[in-house]
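Q: Please take a close look at one part of this model, the nonpolar core and the strands that build it. Connect that part to its surroundings where possible.

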Amino acid sequence: MQVAFTDKDAYGLTRAPTGLNKVKAIASAYFNVMALKEDGTVVVWGNNQDKQCEVPRNVKNVTAVAINNFNACCLALKADGTVVAWGSNVNGQCNVPGGLTHVAAIAAGETHCLALKTDGTVVAWGNNDNGQCDVPKELNHVARIYAGNDFSLALKKDGTVVAWGSNKSPDKMYYCGQCDVPSGLNGVVDIAINGATCIALKSNGTVVVWGDNYYGSRNVPAGLHDVVSVSKWASVFAVKADGTVSVWGKFPLFNEAELTGLSNVLTISNATVVFRDGALKKLGIRSYMEQINELLADVNVLSNATEK
C-alpha cells in the first residue's frame with residue numbers, strides 16, 4: 001500500500017486501481033505511483049499530464065521500476081537488461097541511450113536517470129545542468145547506484161563511495177557538500193539520500209552522514225552502533241538490530257511522543273514504520289495522519305496481500 005503525502009490527494013494516489021493485487025514492488029513520486037506486479041507487468045496511477053499512466057505495450061517482463069519526483073518519467077528495467085521510459089521528457093529523461101543493454105539496476109533522481117550495468121559501470125541521462133550525468137570516466141566495480149537532487153552516488157563493491165553533480169541545496173541557495181564524500185569512508189553497505197543529505201550505513205553497524213546539515217542531520221548520536229537500516233524523511237532514522245530506533249535531525253513535523261520508545265521495528269521508509277510483525281505506522285503530526293493510520297490498521301506487508 002502506498003500512502004500519499006497530501007491531505008487533498010488531488011491526483012488520487014491513495015486510490016489504487018480496483019483489483020490491483022500481487023504487487024511485489026512500488027516506486028512513488030509526488031504525483032504518481034508505480035506498481036510492479038509479480039507477472040512482470042506495471043500499473044501507474046495519479047497525474048497523467050504527460051501520459052505517465054499510459055504504460056507502453058512493450059513494458060513486460062519487468063524486474064524493477066523507478067520514477068522521477070517532479071517531472072515524472074517512469075522507468076522500467078526488463079528481464080532482458082533493457083530499459084523503457086515514458087512520461088515527462090522535459091529534461092530528456094525519457095531519452096534512454098541507444099544500445100543500452102545488460103542493465104542490472106536503475107535509479108531516478110529529480111530530473112535525471114541512472115543505470116547500473118552488469119559489468120559494474122554506470123550510464124546516466126536526462127538533465128545535466130549540474131554535472132549529475134557526467135559519470136567519472138574510470139568508475140567501475142559499482143554495486144549500487146543512487147540518484148538525488150541534481151547529484152549521483154555510486155557505492156562500489158569495495159565499500160567506497162563516489163559522488164558527482166551538484167554540491168548545493170535543492171534550491172541552489174547554499175552549499176551543502178553532498179558530493180564531498182568524507183575522506184577515508186569505506187565499509188559502506190547501503191546509502192540513504194534525501195534532499196542534499198547522504199547517510200551511509202557501514203558494515204560494522206555505524207553511520208556516517210555528510211551533505212546538508214538540515215536540523216542537525218549530520219549530528220550522529222555518539223556511540224551509535226548495531227544499525228541495520230537508515231533512512232531520511234524530515235528526520236534521520238536509524239533502525240538497530242534489536243528493533244529500536246535512533247532519531248536525530250528532527251523536523252517539527254514530528255513530536256517526541258511518537259518517536260520515543262519505538263520498538264520491534266523492521267525498517268522505516270518515508271517516515272512510515274514497518275514493524276517486524278508486518279504492521280505499519282505513519283509518523284507525523286499533520287491533521288490527516290490519524291486518518292492515514294486508520295487506513296493502515298488492517299494492512300500487513302509481511303503476509304499475503306488482502307484483497308478488498
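A: A nonpolar core here is a set of buried Ala, Val, Leu, Ile, Met, Phe, Trp, Tyr and Cys residues joined through side-chain atoms within 4.5 Å. Buried means under 20% relative accessible area. The model is predicted.

The largest nonpolar core has 15 residues. Those with the most contacts inside this core are Met 34, Val 42, Val 59, Val 62, Val 65, Ile 67 and Trp 86. At least two residues of this core come from each of β2 (32–37), β3 (42–46), β4, β5 and β6 (83–87). β4 provides the largest share, three residues. In soluble globular proteins, nonpolar side chains tend to be buried together.

Val 65 can be followed outward. Apart from neighbours within four places in sequence, Val 65 is in contact with Ala 27, Met 34, Leu 36, Val 42, Leu 75 and Ile 106. Of these partners, Met 34 and Val 42 are themselves listed among the core residues with the most contacts.

Leu 75, another contact of Val 65, leads to the pairing of β5 with β6. These two strands run antiparallel and are joined by five bridges. The bridge partner of Leu 75 in β6 is Ala 85. The two strands form a hairpin with four residues between them, and Gly 81 in the turn has a positive phi of about 85 degrees. Because four of its five residues are buried, β6 is largely enclosed by the rest of the structure.

The loop between β4 (62–67) and β5 (73–78) contains Phe 70. Is this residue buried, exposed or partly exposed? With a relative accessible area of 48%, Phe 70 is partly exposed, because that value lies between the 20% limit for buried and the 50% limit for exposed. Phe 70 belongs to a nonpolar patch on the surface, together with Tyr 11, Tyr 30 and Phe 31. The accessible area of the four residues together is about 400 Å².

A second hairpin can be set beside that of β5 and β6. Strands β8 (residues 112–117) and β9 (residues 122–126) run antiparallel and are joined by five bridges. Ala 115 has Val 123 as its bridge partner in β9. Four residues lie between the strands of this hairpin, in which Gly 120 takes a positive phi near 85 degrees.

Terms used
Residues are numbered from 1 along each chain as its sequence is written. This is a predicted model: local features need pLDDT of at least 70, side-chain atom pairs count only at pLDDT 80 or more; totals for chains, interfaces and linings use all residues. Side-chain values use heavy atoms; hydrogens and water are left out. Patches are made of residues with over 30% relative accessible area and no salt bridge: like charges are joined within 9 Å, nonpolar side chains (Val, Leu, Ile, Met, Phe, Trp, Tyr) within 5 Å. Accessible areas come from the Shrake-Rupley method with a 1.4 Å probe; for residues, only the protein chains shown count as cover. A salt bridge is a side-chain nitrogen of Lys or Arg within 4 Å of a carboxyl oxygen of Asp or Glu. Buried means under 20% relative accessible area, exposed over 50%, partly exposed in between (1.4 Å probe, protein chains only). Contact means heavy atoms within 4.5 Å. Two strands pair if DSSP finds at least two bridges between them.
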